[in-house]
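Student: I would like to learn how to read helix packing and backbone geometry in a model like this one. Could we go through it feature by feature?

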Amino acid sequence: MKTASKPAAPPPTAVRPVEAPRPGPAGRPLRRRLADQTGAYAFLLGGLLCFALFSWYPAIRAVVIAFQKYTPGAEPEWVGTANFTRVFADPEFAAAWRNTLTFTLLALLVGFAVPFALALVLNELRHAKAFFRVVVYLPVMIPPVVSALLWKWFYDPGAGLANEALRFLNLPTSNWSNGADTALVSLVLVATWANLGGTVLIYLAALQSIPGELYEAAELDGANIWQRIRHVTIPQTRFVILMLMLLQIIATMQVFTEPFVITGGGPENATVTVLYLIYKYAFLYNDFGGACALSVMLLLLLSAFSAVYLRLTRSGEEAS
């Protein structure tokens, strides 16, 4: 009688040694982690101190002085809203806000159309793209005061380059920055030229991110160049356009260099802006309370536009 044979035992498997876990960030020595974090926070602290000293403290101090009668060397006196009441009653107050809002509106109309058109042209170029980008961006590299002085010479009603060019073309000359009805428009042209390059490059980057298949499909549907711009280019870049418009509003409402250097706020207060009026209150009238009251008004308005800008950028990041 046969007995059942035992099943063969499986061959022994090689036992692999267990590797020790590699030390991760949490496994590093505590002293090393503290040293790394201390260095990072030290660099961060330097930036925070600079912001606190040169941005936050002056802003908070200006808000406090707006409610005080402040004279250098004397004890500040709390006057409540008297500074705001006095500023409101100033005839230059209405003129400054009217000029600032008009300047902003004109700068939006000119500063939106011209850079966008130049970006479209540069995007279609096949040769010398780098050269023309440098030419367009060149005004941004010129210091603002130098640029304003250059345009002041251009606008000279006598031998200025602008009127000389008009005489060469047998066209009537203009008073440019010396005329009450043309001074503000002249400053808008200066500001548009000086800030053109950065806006053009941003628009150009947005245009180059548009998929080429959209233009090919539009061409197959028989769309001409204007229809492609209207139905493809503008919808695809509307977020960038809106962001730049908000940033331009914030920047142009703080215009100061052009009226200060070229026109001095004249003629007949035609180019007095809010920021230039703040300068006059502080350094010509020695009225720091009124200057800070105006600054608080401008701060509140620009904060509203900044809040809209931050909201839209956050919505754009969430959508992407």
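Student: How are α3 and α8 oriented to each other: roughly parallel, roughly perpendicular or oblique?

Tutor: Please keep in mind that this is a predicted model. To read the orientation of two helices, one takes the angle between their axes, and angles that fall neither under 35 degrees, nor over 145, nor from 65 to 115 count as oblique. Here α3 and helix α8 (residues 196–208) pack at about 50 degrees, their axes being 8 Å apart, and they are therefore oblique to each other. The crossing of this pair is right-handed.

Student: Which residues of α3 meet α8, and how do the residues of that contact divide by class?

Tutor: From α3 come Phe112, Val114, Pro115, Phe116, Leu118, Ala119, Leu120, Leu122 and Asn123, and these meet Leu196, Thr199, Val200, Tyr203, Leu204, Leu207 and Gln208 in α8. By class, the residues of this contact comprise 13 nonpolar, three polar and no charged.

Student: At what angle does α3 pack against α7, and which residues meet there?

Tutor: The angle between α3 and helix α7 (residues 183–194) is about 50 degrees, with the axes 9 Å apart, which makes α3 oblique to α7. The contact joins Asn99, Thr102, Phe103, Leu106, Ala107, Val110 and Gly111 of α3 to Leu184, Val185, Leu187, Val188, Ala191 and Thr192 of α7, and its residues are nine nonpolar, four polar and no charged. In this pair, too, the crossing is right-handed.

Student: At roughly what angle do the axes of α3 and α11 cross?

Tutor: The axes of α3 and helix α11 (residues 238–252) cross at roughly 140 degrees and come within 10 Å, so that α3 is oblique to α11. Again α3 passes its partner α11 in a right-handed crossing. In α3, Phe103, Thr104, Ala107, Leu108, Gly111, Phe112 and Phe116 meet Ile241, Met245, Gln248, Ile249 and Thr252 in α11, a contact made up of eight nonpolar, four polar and no charged residues.

Student: What span should α3 have, and which residue caps its N-terminal end?

Tutor: One compares the expected span of a helix with the distance between its end C-alpha atoms: at 1.5 Å a residue, the 34 residues of α3 (residues 91–124) should span 50 Å, and the ends are 50 Å apart, which agrees. Asp90 caps the N-terminal end, a side-chain oxygen of this residue lying 3.1 Å from the backbone nitrogen of Glu92.

Student: Where is the peptide bond cis, and what is phi of Ala128?

Tutor: The general background is that most residues other than glycine have a negative phi, and that most peptide bonds are trans. In this model, the bond from Gly266 to Pro267 is cis, with omega near -5 degrees, and Pro267 is found in the loop between α12 (257–263) and α13 (274–284). Ala128, in the loop between α3 and α4 (129–141), has a positive phi, near 60 degrees, although this residue is not a glycine.

Technical notes. Residues numbered from 1 in each chain as written. Predicted model: local features only at pLDDT ≥ 70, side-chain atom pairs only at ≥ 80, totals over all residues. Heavy atoms only, no water. Helix = DSSP H or I, 4+ residues; strand = E, 2+ residues; numbered from the N terminus. Expected span 1.5 Å × (residues − 1). Polar contact = N/O pair within 3.5 Å; in protein donor to acceptor, adjacent residues only side chain to side chain. Axes fitted to C-alpha atoms, helices over the stretch in contact; angles between N-to-C directions. Left-handed = near helix turned anticlockwise from the far one by under 90°. Contact = heavy atoms within 4.5 Å. Nonpolar A, V, L, I, M, F, W, Y, C, P; charged D, E, K, R; others polar.
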